[in-house]
Amino acid sequence: MQRASANPILIVAGIAGACTMAVELAAVRLIAPWFGTSSRVWTNVIGVILLALAVGYLLGARWAAAPRPRRALGWTLLAAALWTAWMPFLAGAVCRLFLPDGIGLDRAIELWTWGSLASTLVLFLPAAVCLGCVGPLALEVVQRTDGSSAGSAGGRVLGWSTLGSLAGTFVTTHVLVPWLGLSWTFLGVAGVLFVLGAALALAERARGAAALSMLATAAALGFSRLERGAPPPGVALLEERESCYQSVRAVEDSRWGEPVRLLQVNEGLDSFQSVWKANAGLLGPGYYYDLFALPAWWSGARGRWKVAVLGLGAGTACRVLRGASPEGVELEIVGLELDPVVTEFGERHFELDARRERVIAGVDARAALRTLERDFDLIVLDAYARQVEIPFHLSSEEALAEMRSHLAPGGWLAINVGGFGFDDPVVSALSGTLARAFGSGVGYRVSASRNFVLFARRDGDVPVPSDARFWFASPVGDALLPALSVPSAWSRLLPCSAALALCDDRNPIDELQMQSLEQARARLANPR
Amino acid sequence: MRASPILASALALACCTSALRAQTEGVAEAFADGRYDLALEAAEGLSDPVLATEWRFQVLHAAGDLAGALAAARAGLALAPSHPRLAPNAANVALTLGEGALALEFCDAWQAALDASAIAEAGARAAELERLARYRANALALRALDERARSATKSAQLVVAVVLGGTVLALLALARRARCVEARA
């Protein structure tokens with residue numbers, strides 16, 4: 001007697017594998033508007049999905065022993081479809097429950113860990129359990145369909161499922177999320193799971209389950225959308241998009257008089273990646289970009305002044321340098337930015353002139369730096385990963401040494417780093433590493449902010465307030481230098497020991513960042 | 001970031017003796033010139049410690065060192081709890097730093113200072129009380145935000161304990177059952 005083909009079930013296993021990866025990868029993005037995409041959030045999501053899959057495998061193994069595993073397979077796919085379809089709708093409500101609106105960065109650290117874990121459990125565990133059931137059920141159906149051995153059936157199901165996961169990984173990151181957006185990615189995945197589940201359920205004459213699930217999934221198509229919440233009164237949303245890397249949005253804040261445009265990514269909180277004011281030049285107290293103008297003044301620059309901005313964002317550094325550099329300086333700016341959507345936003349909302357500046361988008365700063373010239377007068381490192389930390393491969397001693405090799409003699413490196421004091425774990429680790437790479441350097445605290453700008457020079461010293469050359473007469477000097485002159489605003493950078501230096505081999509910058517925020521929160525809780 | 005000359009003069013006039021006035025003018029001059037480093041040095045040399053902390057607050061606040069300014073205001077308040085300017089200054093900085101509970105403490109000190117002061121002019125007193133009420137409202141809002149954050153953390157921890165615990169128990173039960181079924185087979 002000729003056995004039926006098990007190929008349709010193998011295809012189901014493959015597609016379910018793709019859907020599992022789509023849900024896992026998009027899950028991080030779905031909660032990113034509240035909790036960001038830090039390594040803690042990734043760990044929570046991956047951990048919960050793995051736990052759910054483990055439960056699903058065992059549950060599937062139990063149901064596989066039932067008389068009609070094909071029917072159970074149909075039901076689990078329908079249940080997964082249903083839950084996945086409503087994820088975008090539920091995400092806002094669940095995440096807001098664990099991260100109330102109005103919480104600032106220094107209060108959010110504990111909630112990033114616990115809130116993201118709780119949200120992940122509530123939002124993604126049920127669907128992932130259902131998807132975990134697919135493997136053992138499919139294996140059982142394959143075995144019963146073509147009479148193959150457990151090893152043969154298992155190998156084929158695992159093979160198809162893993163190939164599906166591989167395809168799901170690439171398609172989700174490069175096609176679904178950037179082109180469809182998050183809501184439609186989840187709805188699309190739910191639609192695919194629904195079609196598979198309904199086909200199996202109908203074949204097993206489970207019409208009621210198919211009809212019910214169709215109604216619920218269809219309702220989700222109409223209503224289930226991710227709502228990040230409207231901006232507060234006085235803040236207008238200019239544009240919002242999902243890129244390959246992050247949720248990006250541009251807002252205009254008119255609450256304090258003069259309109260200010262901010263580029264926010266992922267969680268937003270009270271942080272931003274780029275800023276725009278109507279007039280080019282200094283932005284005022286609280287904005288670290290202003291300090292990038294100082295090296296040209298301190299160097300007495302005339303003529304060409306060549307600048308590389310690693311982490312261009314929407315081009316704020318360019319706009320500040322264009323408006324606040326000494327007269328007679330001809331700026332030549334190269335800007336490197338990983339996320340092309342960010343530079344597109346820059347052109348549309350932040351007056352980034354991509355014809356005047358050499359904008360290189362879609363490239364990693366460290367990799368692209370190697371292709372650039374070696375005569376920069378100033379390199380600005382303003383790259384941030386996961387909103388709050390300098391990427392580990394850009395903060396290592398080796399990376400800083402590479403930046404040094406791209407500077408002209410006497411050239412400057414300026415690094416923006418967030419922190420709460422010179423003794424902050426991130427600030428001190430990066431300061432010590434920078435001093436190792438350059439021999440010396442000076443850090444300046446940015447007035448009325450939680451940012452520091454670390455300066456180092458190739459073959460030269462950075463001036464400090466006790467040096468006459470620190471002071472220069474110009475409106476830029478009048479605006480910036482007094483605040484930098486108080487002893488608590490600056491510190492000479494001393495090389496740290498090799499054991500404490502951040503390097504390519506060992507760079508705990510993300511953990512240091514979490515320590516920094518935890519210390520800040522502890523200070524808030526107990527200011528004495 | 002240069003200091004307002006009016007503010008500098010007001011502080012300079014606040015001192016009573018001519019020797020102290022001369023010292024204070026030195027601080028005010030450096031401050032007005034944008035030499036905050038020299039202004040701080042000169043402030044350290046003032047013979048009146050309360051005035052010294054007040055100047056220290058003023059300079060650090062203008063320099064954007066809010067934590068330093070707050071510490072200066074607190075040091076001043078420890079010396080002169082009913083000082084008319086230190087408590088409002090400290091409350092203002094605490095609010096900017098987002099420290100609601102601390103800002104409330106300074107609002108209480110401010111209230112006490114107002115009660116003890118002899119501001120005769122009714123309009124000035126009413127304006128101070130209105131400012132105090134505004135600060136207190138902001139401080140209460142910040143403290144409420146802290147409480148919401150704490151409550152959200154507790155909710156999240158509870159959900160994690162229940163769901164994660166339940167899932168792990170289910171996992172163990174399923175694994176045990178699978179073993180029993182195998183043993184029976």
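Start your tour by selecting Arg445(A) and Asp65(B): these two residues form a salt bridge between the chains, and their closest N and O atoms are 3.8 Å apart. Keep in mind as you click around that this is a predicted model. The pair counts as a salt bridge because the nitrogen and the carboxyl oxygen must be within 4 Å. How many salt bridges does the rule find across the interface of chain A and chain B? The answer is one. Polar contacts add to the picture, with five residue pairs found across this interface.

Next, colour the side of chain A that touches chain B. Helices H2 (39-64), H3 (69-98), H4 (105-146) and H13 (475-485) of chain A each supply at least two residues to this side. Which helix gives the largest share? Select H4(A), which contributes ten residues. Now colour this side by residue type: you should find 27 nonpolar, five polar and seven charged residues.

Now show both chains together. In this view, 39 residues of chain A are in contact with 38 residues of chain B. The size of an interface is often given as the accessible area lost when the parts come together. Here, the area buried between chain A and chain B is about 3400 Å², and carbon and sulfur atoms give 69% of it.

Go back to helix H4 of chain A and pick out Asp146(A), which lies in this helix. Its side chain makes a polar contact of 2.8 Å with the side chain of Ser148(A). Add Arg156(A) to your selection, and you will see another polar contact of 2.8 Å between its side chain and that of Asp146(A). Then select Ser5(A): this residue is 141 residues from Asp146(A) along the chain, yet their C-alpha atoms are separated by 6.3 Å.

Step back to see chain A as a whole. The domain assignment gives domain 1 (7-223) and domain 2 (280-525). Try colouring each one, and note that their C-alpha centres lie 42 Å apart.

For the last stop, look at aromatic rings. A search of the whole structure finds 18 aromatic pairs over all chains. One of them joins Phe272(A) and Tyr287(A) in a tilted arrangement, 6.0 Å centre to centre with 50° between the planes. Where do these partners sit? Phe272(A) is in the loop between strands E3 (260-265) and E4 (274-277) of chain A, while Tyr287(A) is in the loop between E4 and helix H7 (294-298), 15 residues apart.

Key:
Residues are numbered from 1 along each chain as its sequence is written. Chains are lettered from A and ligands numbered from 1 in the order in which they are written. This is a predicted model: local features need pLDDT of at least 70, side-chain atom pairs count only at pLDDT 80 or more; totals for chains, interfaces and linings use all residues. Side-chain values use heavy atoms; hydrogens and water are left out. Contact means heavy atoms within 4.5 Å. Buried area is the accessible area (1.4 Å probe) that two parts lose on being put together, summed over both. A salt bridge is a side-chain nitrogen of Lys or Arg within 4 Å of a carboxyl oxygen of Asp or Glu. A polar contact is a pair of N or O atoms within 3.5 Å; within protein, one must be able to donate a hydrogen and the other to accept it, and residues adjacent in sequence count only if both atoms are side-chain atoms. Helices (H or I, at least four residues) and strands (E, at least two) are DSSP runs, numbered from the N terminus. Ala, Val, Leu, Ile, Met, Phe, Trp, Tyr, Cys and Pro count as nonpolar, Asp, Glu, Lys and Arg as charged, and the others, Gly among them, as polar. Domain bounds come from an automatic or database domain assignment. Rings of Phe, Tyr and Trp (its six-membered ring) pair if their centres lie within 6.5 Å; planes under 30 degrees apart count as stacked, over 60 as edge-to-face and the rest as tilted.
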